[in-house]
Amino acid sequence: MSRILALAYGVASYLAFLASLLYAVGFVGDFLVPRSVDAGGPRSPLGVAVPVDLLLLGLFAVPHSVMARPWFKRRWTRFVPPSVERSTYVLTSSLLLGLLFWQWRPIPIVVWHVDNPVGRWLMGAIFWAGWALVLVSTFLIDHFDLFGLRQVYLHVTGRPYTPIAFKTPGPYRYVRHPLMTGFLLAFWATPEMTVGHLLFAGSTTAYILIALRFEERDLAGFHGESYEAYREQAGMLLPFPRARKRS
Ligand SMILES: C[S@@+](CC[C@H](N)C(=O)[O-])C[C@H]1O[C@@H](n2cnc3c(N)ncnc32)[C@H](O)[C@@H]1O
C-alpha cells in the first residue's frame, strides 16, 4: 500500500473515531444529536425494539472484541497491511457504532427520574467525569497508537512498528481498566433512566466485563508474572485490589 494512501486512510479512520466518540457523548447524554438513546430514532413496539437494539449492540461488540485478539490479527494481516490493521479496526468499530446510533430504537419508559437539583447536578458531574476519564486514559496508554495514527506515521516515515510498553501511570496504578470505568460512569449516570438507556447501559456493562476477560488473558499471556502481580495490586474497574489468595 502506498505510504500516502496509508496515511490518508489512517487519518480518515481517526476522524471517523473522533466523530463517533463525540456523537456517543450526545447519544448517551441525550443532547445535541438528532438521534439519541431516548429520542429521535425509529419508533417500534417493545417486542421489536429490544431485539433490534440487542442486535445492533452485538454487531458492534463481536467484531470489536474478535478483531482485537492476537490470533485474529495474525490471520488477517496476511490480507490487510500491518500498518493499517489498527486503522481498519478503528474504522470498522466507528462504522458499526454509527449504524447503532442511526438505527437504535428508543424505549422511553422511565425507570428512574431524579428531580432533586443536587442529584441532577451530581449525575451530570459523574457523566462528564466518566467521559474525561475515558479521554485521559487513552492518552495515558498511547492515544495515537490506540487509534492507529502512530502505526501509519511510522510506516510513512519508514520506521518499524514497536508495540507500546505496558505501563501504569495515574489511575492505572489503582485500576487496571480506567478507560472502561469511565465508560461505565458515563453510561449509568443519568438523572432519567429509561428502559432503552437501561438496555444500553446493562448490555454494554456485560460486554465490557466479557471483553476484559479476553484482554486480561492476552495481557497475562504476554507479560506473565508481572501482570499477575499487577492484578494483586490494582482493582479491575474500581480501586479495590482483589483479596490475596492464601497459600
Ligand atoms: C482500548 S485500550 C483499554 C485499556 C484498558 N483496558 C482500560 O480500560 O483502561 C486496550 C489496549 O490497551 C492495552 N493495555 C491495557 N492495559 C495497558 C497498560 N497498563 N499499559 C499498556 N497497554 C495496556 C491492551 O493490551 C489493549 O491493546
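Two residues are in contact if their C-beta atoms, placed from the backbone, lie within 7 Å. Helices (H or I, at least four residues) and strands (E, at least two) are DSSP runs, numbered from the N terminus.

The structure is a predicted model, in which local features need pLDDT of at least 70, side-chain atom pairs count only at pLDDT 80 or more, and totals for chains, interfaces and linings use all residues. Residues are numbered from 1 along each chain as its sequence is written.

**Overall form**

The protein chain contains 10 helices and 2 strands. Their order along the sequence is α-α-α-α-β-α-α-α-α-β-α-α. About 55 × 50 × 30 Å is the span of the C-alpha trace along its principal axes. The radius of gyration (taken over C-alpha atoms) is 19 Å, which agrees with the value near 18 Å for a compact globule of 247 residues; the globule rule is 2.2 Å times the number of residues to the power 0.38.

**Transmembrane annotation**

An unreviewed UniProt entry places the feature "transmembrane region" at residues 48-67, 88-105 and 121-141. UniProt positions are given in the numbering used here, feature names are shortened, and annotations may be inferred rather than shown by experiment. Two of these spans are described below.

| Residues | Distance between end C-alpha atoms | Helix | Strand |
|---|---|---|---|
| 48-67 | 29 Å | 95% | 0% |
| 88-105 | 27 Å | 89% | 0% |

**Helix pairs**

Axes are lines fitted to C-alpha atoms, for helices over the stretch in contact, and angles run from 0 to 180 degrees between N-to-C directions. The axes of α2 (residues 46-66) and α4 (residues 85-103) come within 9 Å and cross at roughly 175°. Helix α2 is therefore roughly antiparallel (an angle over 145 degrees) to α4. On the α2 side the contact includes V52, L56 and H64, while T92, S93 and Q103 are among the residues of α4. By class, this contact has 10 nonpolar, 4 polar and no charged residues. Here Ala, Val, Leu, Ile, Met, Phe, Trp, Tyr, Cys and Pro count as nonpolar, Asp, Glu, Lys and Arg as charged, and the others, Gly among them, as polar.

The axes of α8 and α9 also come within 9 Å, crossing at roughly 170°, and these helices are therefore roughly antiparallel to each other. In α8, M180, F183, L184, F187 and W188 meet F200, A201, T204, T205, I208 and L212 of α9. This contact comprises 9 nonpolar, 2 polar and no charged residues.

**Ligand shell**

A residue is near a molecule if its C-beta atom, placed from the backbone, lies within 6 Å of it. Of the 14 residues around the ligand, F166, K167, H177, L179 and M180 come nearest. Helices α5 (117-141), α8 (178-188) and α9 (195-223) each supply at least two residues of the shell, and the largest share, 3 residues, comes from α8. The shell divides into 9 nonpolar, 3 polar and 2 charged residues.

Notes. Angles under 35 degrees count as roughly parallel, over 145 as roughly antiparallel, 65 to 115 as roughly perpendicular and the rest as oblique.
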